[in-house]
Amino acid sequence: MAPPIPGSGLAKGLAVTLRTMTKKTVTAQYPEKQPELPPRTRGVIGLFEENCTVCMLCARECPDWCIYIDSHKETVPPAAPGGRERSRNVLDRFAIDFSLCMYCGICIEVCPFDALFWSPEFEYAETDIHELTHERDKLREWMWTVPEPPALDPNAEEPKEIAAARKAADKLAAAQQAEASQTTQPGPAAQPGPAAQPGPAAQPGPATQPGQTEQEGPA
C-alpha cells in the first residue's frame, strides 16, 4: 500500500469547505416560520390529571426532585348498599420546576396510570427563573398539544388496557339491554273466569191425562 501523499488530508478538508461556500445558505426565519419538529420531540411534560392517583412514583423517581405534589384524603361512600366506605387521594397540587428538569423522561416512563405525556411545545421561556415552575393548570393546557400515538401493528396483540375497557363496556351494555327488555316486556294477560253454568231448567208439571176431569174443590 502506497503511503499517503503529504497534505492530502488538508486538500480534502479545503475541498469540503469550498463546496459548502458555493451553496446557498438557508436560514429558517423563526418565529415567523415554526420548525418542523420530530413527533417524539421532548418539549414539555403534559399532565392528564384525571388519571393521576397521587401514587408519588414520579416524584420519588425524579433524579432532580423537580416534581411537587400535594394531596388530601377523601372518604368515598360504598358503591353498593351494605358495603364499606373507602378513602382515596385527591390531587391538590402538581407542579414541575422546568429550571431543574433535565428532560430525562423517567417520570413519564414510571407512571403506571398514563397521567404524564411528552408534548412538542417548547416556547415557554420566562424572564424570571421562578416562573419556570408550572402548576397543574398549565401542564393540563399542554396536554392537548400531545400528538396521537403511532398506529399499532395490525398483527400485534391488543393492549390489555383496551381489552379490559372493552370487556367492561360490553358487560355494561349487556346489563343495560337486559334491564331495558325487562321494562318493555308486557305482563301476563288476565285469565278469563269460568263461564257461568246454566241453572237447572224448570221441570214441567204432570200433564193432564185425557178423559180425566179436574177435581173441583169444595164449594
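## Overall layout

Read from start to end, the chain runs through the pattern α-β-α-β-β-α-β-β-α-α. That gives five helices and five strands, where helices (H or I, at least four residues) and strands (E, at least two) are DSSP runs numbered from the N terminus. Of the 219 residues in the chain, 17% are buried. Here buried means under 20% relative accessible area, exposed means over 50%, and partly exposed is in between (1.4 Å probe, protein chains only).

A word on the ground rules: this is a predicted model, in which local features need pLDDT of at least 70 and side-chain atom pairs count only at pLDDT 80 or more, while totals for chains, interfaces and linings use all residues. Residues are numbered from 1 along each chain as its sequence is written, and side-chain values use heavy atoms, with hydrogens and water left out.

## The largest pocket

Rolling a probe the size of a water molecule over the atoms shows where empty space is left. The largest pocket holds about 770 Å³ of space. Its lining counts 23 residues, and the closest to the pocket centre are I108, F117, W118, P149 and P150. Three elements give two or more residues to this lining: α3 (106-110), β4 (116-119) and α5 (160-184). Strand β4 gives the most, with four residues.

By type, the lining of the largest pocket divides into 14 nonpolar, three polar and six charged residues. In this count Ala, Val, Leu, Ile, Met, Phe, Trp, Tyr, Cys and Pro are nonpolar, Asp, Glu, Lys and Arg are charged, and the others, Gly among them, are polar. As for the search itself, it uses a 1 Å grid over the protein atoms alone; a pocket is an open set of points where a 1.4 Å probe fits, with protein on both sides within 12 Å along at least five of seven lines, and lining residues have an atom within 4 Å of a point. Grid points are joined across faces, edges and corners, and the volume is the space filled by probe spheres set on the points.

## Salt bridges around helix α4

The whole structure has four salt bridges, each a side-chain nitrogen of Lys or Arg within 4 Å of a carboxyl oxygen of Asp or Glu. One of them joins the side chains of E49 and R136 (3.6 Å, N to O). Because E49 lies in the loop between β1 and α2 (57-61) and R136 in helix α4 (residues 136-143), this pair ties together parts that are 87 residues apart in sequence. E49 is partly exposed at 22% relative accessibility, and R136 is partly exposed at 23%.

Another salt bridge brings together R140 and E50 (2.8 Å, N to O). This pair also links distant parts of the chain, with R140 in helix α4 and E50 in the loop between β1 and α2, 90 residues apart. R140 is partly exposed, with a relative accessible area of 22%.

Helix α4 also has a salt bridge between K138 and E141 (3.6 Å, N to O). Both residues lie in α4, three residues apart, about one turn of the helix. K138 is partly exposed, at 33% relative accessible area.

## Y30 and its surroundings

Y30 sits in the loop between α1 (8-21) and β1 (44-47). With a relative accessible area of 42%, Y30 is partly exposed. Together with L37 and F122, Y30 makes a nonpolar surface patch of about 270 Å². Such a patch joins nonpolar side chains (Val, Leu, Ile, Met, Phe, Trp, Tyr) within 5 Å, from residues with over 30% relative accessible area and no salt bridge; the areas come from the Shrake-Rupley method with a 1.4 Å probe.

Y30 has a backbone feature too: the peptide bond from Y30 to P31 is cis, with omega near 10°. P31 lies in the loop between α1 and β1.

## Other loop residues to look at

Two residues other than glycine have a positive phi: M56 near 65° and Y103 near 60°. M56 is in the loop between β1 and α2 and is partly exposed at 28% relative accessibility. Y103 lies in the loop between β3 (86-97) and α3, and is partly exposed at 25%.

F113 is in the loop between α3 and β4, partly exposed at 41% relative accessibility. F113 and T53 are 60 residues apart in sequence, and their C-alpha atoms are 7.8 Å apart in space.

Definitions and conventions: Patch = residues over 30% accessible without salt bridge, like charges linked within 9 Å, V, L, I, M, F, W, Y side chains within 5 Å.
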